[in-house]
Amino acid sequence: MKIYFDGCSNTAGSELKDAKKTRFSKLVCDHFNAEEYNIGLFSGSDRRMARNLLEHDLSQLSLIHISEPTRL
């Protein structure tokens, strides 16, 4: 099982000390014993996320989780 995550800095875990081990995507994947594929990015935009969905082979993924970028 492989789970795709995309979004802004919240998805990337940029505010965490050890993001690779403690971001929510890692915790979810650990719970379901799944491979994590997280391409969240600080200042990620809706257009970037849409482009990523169009450019990736989604047939290899079991689940897709998209987090809307934080609006100020």
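1. A cation over a ring to start with: the charged end of Lys-2 sits over the ring of Tyr-37, 4.9 Å from the ring centre. For a charge to sit over a ring, NZ of Lys or CZ of Arg has to be within 6 Å of the ring centre and within 35 degrees of the ring normal.

2. A quick caveat: this is a predicted model, with local features needing pLDDT of at least 70 and side-chain atom pairs counting only at pLDDT 80 or more, while totals for chains, interfaces and linings use all residues. Residues are numbered from 1 along each chain as its sequence is written, and side-chain values use heavy atoms, leaving out hydrogens and water.

3. Searching the whole structure turns up 2 aromatic pairs. In Tyr-4 and Tyr-37, the ring centres are 5.7 Å apart and the planes are at 40°, so this pair is tilted. (Rings of Phe, Tyr and Trp, the last by its six-membered ring, pair if their centres lie within 6.5 Å; planes under 30 degrees apart are stacked, over 60 edge-to-face, the rest tilted.)

4. Tyr-4 is in strand S1 (residues 2-6) and Tyr-37 in strand S2 (residues 35-38), so the pair ties together parts 33 residues apart in sequence. Strands (E, at least two residues) and helices (H or I, at least four) are DSSP runs, numbered from the N terminus.

5. Tyr-4 is buried at 0% relative accessible area, whereas Tyr-37 is partly exposed at 26%. Cut-offs: buried is under 20%, exposed over 50%, partly exposed in between (1.4 Å probe, protein chains only).

6. Phe-5 and Phe-24 have ring centres 5.8 Å apart and planes at 80°, so they are edge-to-face. This pair links strand S1, through Phe-5, with helix H3 (residues 24-32), through Phe-24, 19 residues apart. Phe-5 is buried at 2%; Phe-24 is partly exposed at 32%.
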